[in-house]
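This report covers selected local features of one protein model. The sequence and structure come first, and the notes follow.

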Amino acid sequence: MAFVITEACIGTKDASCVKVCPVDCIHPAPTEEGFDTTDQLYIDPEVCIDCGACEPECPVTAIFAEEDVPEHLKSYIEKNAAHYRDG
Ligand code: SF4
């Protein structure tokens, strides 16, 4: 299980979540290459430890625990994973 960043991040990219993640698994961070051009940020499901710290930080409620992702946003589970798997 992991947390997942969904549609509301697109065009928002607030990135408050990046600062609170204890394992640095949310990218691209504002200081990283790719931040300006990415649609949204992504959580690496292989690294996320399910701590939940990021969820309340998001001002647009884009982050959900994998099991709580709303039905119409479930494609984002794969979208987050693919970002790391496929580069
Ligand atoms: Fe990072 Fe915790 Fe959020 Fe996973 S749940 S992305 S480990 S802050």
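Asp-50 sits in the loop between strand S3 (42-43) and strand S4 (63-65); helices (H or I, at least four residues) and strands (E, at least two) are DSSP runs, numbered from the N terminus. The model is predicted: local features need pLDDT of at least 70, side-chain atom pairs count only at pLDDT 80 or more, and totals for chains, interfaces and linings use all residues. Residues are numbered from 1 along each chain as its sequence is written, and side-chain values use heavy atoms, with hydrogens and water left out.

With a relative accessible area of 33%, Asp-50 is partly exposed. Buried means under 20% relative accessible area, exposed over 50%, and partly exposed in between (1.4 Å probe, protein chains only). Asp-50 joins Glu-55, Glu-67 and Asp-68 in a surface patch of negative charge. Such patches are made of residues with over 30% relative accessible area and no salt bridge, like charges being joined within 9 Å and nonpolar side chains (Val, Leu, Ile, Met, Phe, Trp, Tyr) within 5 Å.

The loop between strand S1 (3-5) and helix H1 (16-20) contains Thr-6. Lys-13 is also found in the loop between S1 and H1, and so is Ala-15. The table gives their accessibility.

| Residue | Relative accessible area | Class |
|---|---|---|
| Thr-6 | 1% | buried |
| Lys-13 | 16% | buried |
| Ala-15 | 8% | buried |

A polar atom of the Thr-6 side chain lies 2.7 Å from the backbone oxygen of Ala-62. Lys-13, although not a glycine, has a positive phi of about 45°. Ala-15, likewise a residue other than glycine, has a positive phi near 70°.

Pro-28 is placed in the loop between strand S2 (26-27) and S3. The peptide bond leading from His-27 to Pro-28 is cis, with omega near -10°.

The structure holds 2 salt bridges, a salt bridge being a side-chain nitrogen of Lys or Arg within 4 Å of a carboxyl oxygen of Asp or Glu. Glu-78 pairs with Arg-85, their closest N and O atoms being 2.6 Å apart. Arg-85 also forms a salt bridge with Asp-86, where the closest N and O atoms are 3.2 Å apart. Glu-78, Arg-85 and Asp-86 are thus linked in a network of salt bridges. Glu-78 is partly exposed at 42% relative accessibility, while Arg-85 is exposed at 53%. Asp-86 is exposed, as is Arg-85.

Conventions: Accessible areas come from the Shrake-Rupley method with a 1.4 Å probe; for residues, only the protein chains shown count as cover. Lys and Arg count as positive and Asp and Glu as negative; His and the chain ends are not counted. The place of a charge is taken as NZ of Lys, CZ of Arg, CG of Asp or CD of Glu. A polar contact is a pair of N or O atoms within 3.5 Å; within protein, one must be able to donate a hydrogen and the other to accept it, and residues adjacent in sequence count only if both atoms are side-chain atoms.
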